[in-house]
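Me: I'm a first-year student and still getting used to looking at protein models. Could you take a close look at one part of this one, the empty space and what surrounds it, and then walk me a little further round?

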Amino acid sequence: MAKRARDGEPEALAVLVRVARDPAHPRTNEAKCVIADRWVATLDPALRQTVIDTRALSTHPVGRLRTAALHGPEQLRALGRAWASHAHLLLHDRDEDVRDAVTELCRAADAWSTKSMWPQALASASHALPPVVKDELLLDILLTRPSPPPPGQLDLLWKAFFYRIPPYGWQSRESGGGLLPALTRWGRQAASPDVHALSRVVVEPDTARLLTHPLTRQALIEAAGYADDHPLAAVARERILALRQRSPVPGRLGETEDPGPGTLSDLADFVDELCAYALEHRRDLLRWCVTHHLAPSHRDPARRAAFLLHTDQPPDTQARTARWTAGPGLAQMVLGAADGEERARRVEGLTDAELTHLAGWLDDEDRLADLWQLVRDLPLARGHRLVPLLAARQAADAPPSDATGPRGGDAAHPRDAWRPGDEAGRRLLALLRGIDPGTLATGLAALERDWPAGYHLARIRFRGRVNDLSFAPDAPLLAVATSNRAAGVIDLHRGELAERYDGFASSVGHLAHVGGGAFVAAERTSTAFQPSRLLHCAGGRSRVLRELPGAVTSLEAWGAGRFVAGTRSGHLLFGGPADAGAGGGADGGVEDGLPLPEPVEVSVAAWGLDPGADWPRALAADPYTGRLAVCGRRLLLVELTGDRVGEADAYAVSPPVASPVPVAVPGAGPHPGATHTPRVLARGTRPRVTTRAALAGPAALAVHEQRRGVVEVLRPEVGALPSAGSVDGVTAMTALPGRGQLAIVDDDWRLRLLDAATLVPRPGVMPEPPASPSRYMLGPVTSLHASPDGGLLAAGYAGGITDLYDLRHAEIPSLATRPLAYARPAHADALLAASTRRG
């Protein structure tokens, strides 16, 4: 009957429709699948209503997505992320409800799904050919997303913007205002060298910073020379005109001849270069220079005369260009920044004397709103010194005004009525006015010295030795690997065991939580070359990813469902659920019934290492920078500039630094067998074996030699890894992401936090674990791991205990070093209360 129905026989279909609508029938589910498959093939309206009424799903992979979308976006979302791999097909489905559901999901997609959709919307035929729009509807949606595209697609968008390729609709698209706002909103420069400098002209709002580097200075001039109807020309010319707001240095700020680095003391050279470029057949730019009264300076009379003659300008334009040749004042340089972050950076660089001069000048000029902004751009200790200038003659009962001055005309003087225009600002000013300077200085010093670095949250008991720990990147979950041939997931919110996985062939030596409720686990073997397995665990089930001829020696999560593992045989395994392409089930991206994707295997020999001696004993991976450290007797630090392993453009093809050995990695994307060359940042050697490694920042690799108990911080410099310092007596080590700190456990079982740059201990009281059971009953520390945001820390012991620490509140003292503008009133209350606490 099912076969006849699939062939389209009306009688058979009628029977199966009745069965599908009968919940009590034993073959209801099978009938639903047949009806759904037939509707996918024919789009029959009667079958469509049956599919909707019975919530039927097709058995075909893409048909399953279509029928799920027919039931609404929530049903489609429940199937996982597989829809994102087929978004270009579903957006153009013949059924309107399917299109609407997929469109809604595309507009609310997470970063992972968004990245998987970009190759479906945009591609490049080759390096020499322009980008091709594969799906304009999908591209229009992606241009509204807050997260930027992968580097390869971002470069294609930049090139399309600069060259405005008519065959693919870029000119009409830009007139609609979609591409330029998206590129500006993302704020990411192009990686391609031929458009890198031009892209910075668009994303860098501060013209002064553009002029300080020769490449961006020339790019600004070239961008201004584009045709009048090109959006890039308008952006570049707006940047140039912004310099007109700069005025000569005020008298009180000109006491030193050199105002400091970063100031633009003379713009005459730039105007000369701009005008010379305009004379080189750039008629649009030439007309713009004439309109805005730009001409070469008097330092080159011949060039100036030729320019004036060529453009038929009046001979005397010196008065109108005089302010271009004058250096900007300190006030304009600091307060004229395009955004708050840049302004705060400039304020931070001011000396106390410069800060006093600037505040005094703003006070004399009654620029009280700018003075208040200056206070908010300073940390508490420095900003508080300027508050008396605002409070000196301020009427306590004066009505609030906006940021430009008094609202009415009754006040005798602007400062008598001026107050911050927002309630939070008025409250912050009132708090600052009520602080005694002496009490503040003493309280801040005591706060940094005595504030606890964290608290002991909980003690988790798990049968067997704790071999490894891993926090989930997207949920409050902690995965635990034990020697009892088991692994579990702890729900940190509810404080209970959420999942337990048994049946491993041996002790679980390593694991890495990859998000989406899934983790990857590696079995530990008793000998180096005894067979072992790498397994993917999710939804209460475990599946074998790879059977290996030897042990897995290290395993690290690498963001968005990805992981990297090292083996005793001298190989690296790159993989994760997303490598399966289409499909999306409970096990993190692979639909039920389909085989799990096999990780991509790379021999360390391809990276210039000896597999027999330099097998990866420890790995350190940073998903945000794309950096990977491979550590053994020799060290290798590489940068994989692509978004993730497995994509066609996952690796930047660039020559390695200080290494003649080509470093190739096979890709697992649309072009199987392709090789990609990561960028080698540095190489190094170690006198002893590295057993643990962590990337503690963009320029710090921390390595732990367990036998000696030494942690050493290495900094990549000119292809090498020189030591920047070391600390002895360490049994376990990890990095706190985003904090620039290392967490270590010393030989006395004490937890310590160190500055990753200097290895100086963090001031404050360190958390202590419970006294019972004794430390000798706990056994040595076997694993120390931090959550992805650095707020939680877990320490596992050989006795089956895991201690959980909360480090989040330790950030309160750092509020005193941040600009007040970034602090909410609650932050100010907490900081002031903490700085004045007793005992």
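**A pocket and its lining**

Reply: Let's start with the walls: the lining of the second largest pocket splits into 14 nonpolar, 15 polar and 9 charged residues. Keep in mind that this is a predicted model. The space inside that pocket comes to about 930 Å³. It takes 38 residues to line the pocket, and His510, Arg524, Thr553, Thr691 and Gln706 are the closest to its centre. If you want to find the walls by element, look for the ones that give two or more residues to the lining, including strand 4 (466-471), strand 8 (508-515) and strand 12 (552-557). Further along the chain, strand 16 (618-622), strand 22 (692-697), strand 27 (730-736) and strand 30 (781-786) do this too.

Now for closed spaces. How many cavities of 30 Å³ or more does a search of the whole structure find? There are 5 of them. The second largest cavity holds about 50 Å³. Its lining is made up of Val745, Trp749, Leu751, Pro767, Pro769, Leu784, Ala795, Tyr797 and Tyr805. Sort those by type and you get 9 nonpolar residues, with no polar and no charged ones. Compare that with the second largest pocket, where 9 charged residues do turn up in the lining.

While we're on side chains, let's move to the aromatic rings. The count is 7 aromatic pairs. One of them joins Trp158 and Phe161 edge-to-face, with 6.3 Å centre to centre and 70 degrees between the planes. These two are 3 residues apart in helix 12 (residues 151-163), so about one helical turn separates them. Trp158 also pairs with Phe162: here the planes are at 20 degrees and the centres 5.4 Å apart, so this pair is stacked. Phe162 is 4 residues from Trp158 in helix 12, which again means a separation of about one helical turn. Put the pieces together and Trp158, Phe161 and Phe162 form one aromatic cluster. Are they buried or exposed? Trp158 and Phe161 are both buried, and so is Phe162.

One more ring is worth a visit. The charged end of Arg617 sits over the ring of Trp615, 3.8 Å from its centre.

Last stop, the cysteines. The disulfide count is 0. Cys106 has 0% relative accessibility, so Cys106 is buried, whereas Cys33, at 24%, is partly exposed.

Note on methods. Residues are numbered from 1 along each chain as its sequence is written. This is a predicted model: local features need pLDDT of at least 70, side-chain atom pairs count only at pLDDT 80 or more; totals for chains, interfaces and linings use all residues. Side-chain values use heavy atoms; hydrogens and water are left out. On a 1 Å grid over the protein atoms alone, a cavity is a set of points where a 1.4 Å probe fits but cannot get out, and a pocket is an open set with protein on both sides within 12 Å along at least five of seven lines; lining residues have an atom within 4 Å of a point. Grid points are joined across faces, edges and corners, and a volume is the space filled by probe spheres set on the points. Ala, Val, Leu, Ile, Met, Phe, Trp, Tyr, Cys and Pro count as nonpolar, Asp, Glu, Lys and Arg as charged, and the others, Gly among them, as polar. A disulfide is a pair of cysteine sulfur atoms within 2.5 Å. Buried means under 20% relative accessible area, exposed over 50%, partly exposed in between (1.4 Å probe, protein chains only). Rings of Phe, Tyr and Trp (its six-membered ring) pair if their centres lie within 6.5 Å; planes under 30 degrees apart count as stacked, over 60 as edge-to-face and the rest as tilted. A charge sits over a ring if NZ of Lys or CZ of Arg is within 6 Å of the ring centre and within 35 degrees of the ring normal.
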